[in-house]
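Welcome, and thanks for taking a look at this one. Please have the sequence and the 3D view open side by side as you read.

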Amino acid sequence: MSISARDRLIAALDVPDLKKAKELLDRLDPSVNFYKVGNQLFTSCGPQIVELIKERGHKVFLDLKYHDIPNTVAKAAQAAYELGVDMFNMHAMGGFSMMETAAAAVTSSASSDKRPKPVMLGVTVLTSMDEATFQDVLGIPGRSIDEQVLHLARLSQSAGLDGVVASPHEIAMLRKNLGKEFVILTPGIRPADSSSDDQKRFLTPGQAIKTGADYLVVGRPITAAPDPASAAQKIIKEIEDAIK
Ligand code: C5P
C-alpha cells in the first residue's frame, strides 16, 4: 500500500465546537491533509464539520466507534459513506455479523457508485483498559488483552474490514499475524521532544511507522503546540524518513 507521508498523519480535531475547529484548521492548512472527527466534535456540530473539512479538500476519519445491532450499524456506516468520510470505525466487540453487514453495505454502495470505498476499521480493546478492568468487564478467564486484540483483529479481517485501531505496543504483533495489506492505525504517538500527557505506552512517529503502522492519529502534540503547523510538519518529516 503506497500512502504518502502527509496522508499518514491524522490530526485529531479534539476541540469542543465548530469555531475552535475552524481556527485549528486555519492554522494547520495546508500542512495537514487528514483530520479525525470524534464523538465530542461530531455531537457538538454534526455533519457540517465533515462537510467543511471536505470542502477544504482534506480527508476525514470519522471516529464514532459504532456498536449496535447489525442493521443499525450498517445504516450508520452507510450514512458515513454518503457523508463522504474517507475512514470510519466500529467496535469489533459488536461481532462478526455486525461488521460483515456494515462492510458489505458500504462496499456494495461504493462499487455501484464507482466511488472509492472508505477505509473501515475495527476497534479491538480500548487502550484505557488494563488487564484487571478487562477481566472484570468481559469475564473471560485465561485470555489476555493481547490475545483478545489478536482475536478481534482476525474477526475484523474475516468480516471484511480493512484494518484496526491499535495501541503502539500491539503494532508488531498485528503486522506479523495479519499480513502486509491489513491497515493499522495507531494513536498514542509522541514525538521525542513533546510531553507524554496521559498516554502511558507511546512511540515516536518514526518508531510507530517502522514497527508497521500505516496511519498515526496525533492530538495534543499538534493541537497544544505553540505552532501547530510546524509541529505537524516535523511529524510528517519523521514519517517520511521512516518510510524511505
Ligand atoms: O492528544 P493525543 O495525541 O493523546 O490524542 C490521541 C487521539 O487518539 C485522541 O483523539 C484519543 O481519543 C484517540 N485515541 C487514543 N487511544 C485510543 C483510541 C483513540 O488516544 N486507544
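Here is a short briefing on the ligand site, the salt bridges and two backbone details. Please keep in mind that this is a predicted model. The ligand sits in the largest pocket, and a search of the whole structure turns up 14 salt bridges. The backbone also has a cis peptide bond between Asp29 and Pro30.

**Around the ligand**

- If you would like to display the surroundings, select Ala12, Asp14, Lys36, Thr127, Pro187, Arg190, Gln199, Val217, Val218, Gly219, Arg220 and Pro221, which surround the ligand.
- By character, this shell divides into 5 nonpolar, 3 polar and 4 charged residues.
- Two elements, strand E8 (215–218) and helix H11 (220–223), each contribute at least two residues to the shell.

**Polar contacts to ligand oxygen**

- The side chain of Asp14 places an N or O atom 2.7 Å from an oxygen atom of the ligand.
- Gly219 takes part through its backbone, with a polar atom 2.8 Å from a ligand oxygen.
- Arg220 also uses its backbone here: one of its backbone N or O atoms is 2.7 Å from an oxygen atom of the ligand.
- How much of the ligand does the protein bury? On its own the ligand exposes 470 Å², and the protein buries 80% of that.

**Salt bridges**

- One of the 14 salt bridges pairs Lys59 with Asp7, and their closest N and O atoms are 3.5 Å apart.
- Lys59 belongs to strand E3 (residues 59–66) and Asp7 to helix H1 (residues 5–8), so this pair ties together parts that lie 52 residues apart in sequence.

**Backbone details**

- Most residues other than glycine have a negative phi, and most peptide bonds are trans. The next two points are worth viewing with that in mind.
- The peptide bond joining Asp29 and Pro30 is cis, with omega at about -5°.
- Where is Pro30 placed? You will find Pro30 in the loop between helix H2 (18–28) and strand E2 (34–38).
- Lys65 is not a glycine, yet its phi is positive, near 45°.
- To locate Lys65, look in strand E3, the strand that also holds Lys59 of the salt bridge with Asp7.

Notes
Residues are numbered from 1 along each chain as its sequence is written. This is a predicted model: local features need pLDDT of at least 70, side-chain atom pairs count only at pLDDT 80 or more; totals for chains, interfaces and linings use all residues. Side-chain values use heavy atoms; hydrogens and water are left out. A residue is near a molecule or strand if one of its heavy atoms lies within 4 Å of it. A polar contact is a pair of N or O atoms within 3.5 Å; within protein, one must be able to donate a hydrogen and the other to accept it, and residues adjacent in sequence count only if both atoms are side-chain atoms. Accessible areas come from the Shrake-Rupley method with a 1.4 Å probe; for residues, only the protein chains shown count as cover. On a 1 Å grid over the protein atoms alone, a cavity is a set of points where a 1.4 Å probe fits but cannot get out, and a pocket is an open set with protein on both sides within 12 Å along at least five of seven lines; lining residues have an atom within 4 Å of a point. A molecule sits in a cavity or pocket if more than half of its atoms lie within 2 Å of its grid points. Helices (H or I, at least four residues) and strands (E, at least two) are DSSP runs, numbered from the N terminus. Ala, Val, Leu, Ile, Met, Phe, Trp, Tyr, Cys and Pro count as nonpolar, Asp, Glu, Lys and Arg as charged, and the others, Gly among them, as polar. A salt bridge is a side-chain nitrogen of Lys or Arg within 4 Å of a carboxyl oxygen of Asp or Glu.
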